[in-house]
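Colleague: Please take a close look at the aromatic rings in this model. I would like one connected account, with the surroundings included.

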Amino acid sequence: MRISKKIVLFSLLGLCLMLAAFRNNDKYFLIAKNLDIFAAFYRELNTYYVEELPPEKLMQRGIEAMLEETDPYTDFVPEEELDELRFMATGRYGGVGTSIYTEGEWTSITDVYEGSPMAKAGVKAGDIIVSLDGKSARNMEQDEVSRYLKGAPGTTLTIVLRHPITSAEKTYKIVREDINVKPVSFAGIMKKEVGYIKMTQFTENSAEQVQEAFARLRQSNPQLKGLVLDLRGNPGGLLEEAVALSNIFIEKNKLIVSTRGKVKSWDREYRTSQSPVDMNIPLIVLTSRSSASAAEIVAGAVQDLDRGLVVGQRSYGKGLVQTTRPLPYNAKLKVTTARYYTPSGRCIQAIDYSHRNEEGEADYVPDSLRRSFVTAGGRPVKDGGGIEPDAKVDNMILSQVAITLLRKQYIFDYATQYYYSHPAAKEPSQFTLTDEDFEDFVKFLDGKDYSYKTRSEEALENFRSTANREKYYDGLAKEFEALQQKMKHDKKQDLLKNKTEIRHLLEEEIMNRYYPQLGRIEKSLTWDKDVEEAVALLGDPARYQQLLGKHN
């Protein structure tokens, strides 16, 4: 009887293995079968179709169609686009070291990186690009201008620039260099002896640069009472750098993040490997809706291990890990290979790409399906929707008039005019635009088109479209027109109504002229609500500890 039971058990086990092997073989058979069909289909189409078909274009479309079934982070990278992939990993590229913006017929220099070839040549923000290597830049697409500016280090670019005030033109011969975009864009001391570090990307050695910035802050202010690590707008980058950054503040051998995917042998746990630089200083991480990936790994680790607080807005919710795989002819496949999980075990991926609706669209994970987890100290946290801040600050929404002034480059152009008419300016923290200066800006706008629709007007237009579609509009026409008249805005009145916000934007742009790159950030900190909340928390130990779930 026992022998027969064993025989049955082994038989069932053998059957299960055979079924598993069959399913696996069946899958590979389907792949081989469809590849054969695809190759035969393309061969017949290419041979007999009445017109010539461009093979590269057809294959590109086929690849794009396949990628539509995946998430937006899985992508085909041809050889000519590898530089962009390298830049995302290293923060380095060959070029002249400048940012540009195209508005209308011309492209302007908007930022010049410190120590770059453009900076050495004396190029300023506001200068207008007239020609590039002898070709007119008038009506040139911004992408094409960018291609001219980039290139192998050591190569020369001949560029003609027009002065924005005098219109004088000057020819420059710029030798391209290896440009390193610094991941730490600003570090300084705030009020109440609070340190502040802004990090823009997780590229190679970025954690080391944060550590060096932190060391300088501690050296200049030994009584440092707390640190604000600003990861707002940080799109992420290298996972290993997120772990290394966390290690600056978190003790050795702590789990920071784990990854799990289809290939089980690739599953990994990432732990801190070094002794921390400082595991006691009160820490706040700032996040926004555009903080993603590696930035969320750091914020999630700090929150889950109760090492500090997260302040600001809910983060983006990218809990997926990409790996690059080699393809023929130096191309690459950037493919999502795993999900990552914070120390509490949650995956913060906000959009579920594995379940799509009938139209093939992916949607956010509904709140009803978000699961609860707990931090090391027992605080409740949830998965499936980014990192929720411990102290939420409402996101600042710009008015339509401010958005239009930025988009039309009028704030940028006025800052250029101000810079050339004021040879010197105070430090960013001390600089303010006077009422007379603001009046001058209003006059500067005279005759310029900055028309726009307010959000209320757009909502009213949408209402009219819906009412027309549902055949209610005729009965509401008089009331609608009366409401439309009442809501009609006066552009100058809108300028005055939103004076504080517009003045802040002007001050930031003006400071960026006198103190390139640093000036804009330093000036913005003087009215930044997220930073204000972070500094207040670090100045109130009782409230800080309460939000951490600790009670003295």
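Which residue lies over the face of Phe-444, and at what distance from the ring centre?

Modeller: Lys-448 does, at 4.1 Å from the ring centre of Phe-444. Keep in mind that this is a predicted model.

Start with the neighbours of that ring. Phe-444 belongs to a cluster linked by ring pairs. The other members are Tyr-414, Tyr-418, Phe-431, Phe-438 and Phe-441. Take Phe-438 and Phe-441 from that cluster. Their rings form a tilted pair, 6.1 Å centre to centre, with 55 degrees between the planes. The angle falls short of the edge-to-face class, which needs over 60 degrees. Both residues sit in helix H11 (residues 435-444), 3 residues apart, so about one helical turn separates them. Phe-438 and Phe-441 are both buried.

The structure holds 12 aromatic pairs. Another of them joins Tyr-419 and Tyr-514: the ring centres are 5.1 Å apart and the planes meet at 65 degrees, so this pair is edge-to-face. Tyr-419 lies in helix H10 (residues 410-421) and Tyr-514 in helix H15 (residues 499-514), so the pair ties together parts 95 residues apart in sequence. Both partners are under the 20% limit for burial. Tyr-419 has 18% relative accessibility and therefore counts as buried. Tyr-514 is buried too, with a relative accessible area of 16%.

A second charge-over-ring case involves Arg-260. Its charged end sits over the ring of Tyr-341, 3.8 Å from the centre.

Now the nonpolar packing. The largest nonpolar core has 39 residues, and Ile-197, Phe-202 and Leu-245 touch the most other members. Several elements each supply at least two residues of this core, including strand E11 (194-199), helix H6 (206-220), helix H7 (239-247) and strand E18 (332-341). Helix H8 gives the largest share, 7 residues.

Phe-202 deserves its own look. Leaving aside residues up to four places away in sequence, Phe-202 touches Met-88, Leu-231 and Asn-234, among others. Its contacts also include Gly-236, Gly-237, Leu-238, Glu-241, Ala-242 and Leu-245. Ala-294, Ala-295 and Val-298 are on the list as well.

A second core, separate from the largest one, has 26 residues. Among them are Leu-398, Leu-405, Tyr-419 and Met-511. That brings us back to an earlier ring: Tyr-419 is a member of this second core and also the edge-to-face partner of Tyr-514.

Technical notes:
Residues are numbered from 1 along each chain as its sequence is written. This is a predicted model: local features need pLDDT of at least 70, side-chain atom pairs count only at pLDDT 80 or more; totals for chains, interfaces and linings use all residues. Side-chain values use heavy atoms; hydrogens and water are left out. Rings of Phe, Tyr and Trp (its six-membered ring) pair if their centres lie within 6.5 Å; planes under 30 degrees apart count as stacked, over 60 as edge-to-face and the rest as tilted. Helices (H or I, at least four residues) and strands (E, at least two) are DSSP runs, numbered from the N terminus. Buried means under 20% relative accessible area, exposed over 50%, partly exposed in between (1.4 Å probe, protein chains only). A charge sits over a ring if NZ of Lys or CZ of Arg is within 6 Å of the ring centre and within 35 degrees of the ring normal. A nonpolar core is a set of buried Ala, Val, Leu, Ile, Met, Phe, Trp, Tyr and Cys residues joined through side-chain atoms within 4.5 Å. Contact means heavy atoms within 4.5 Å.
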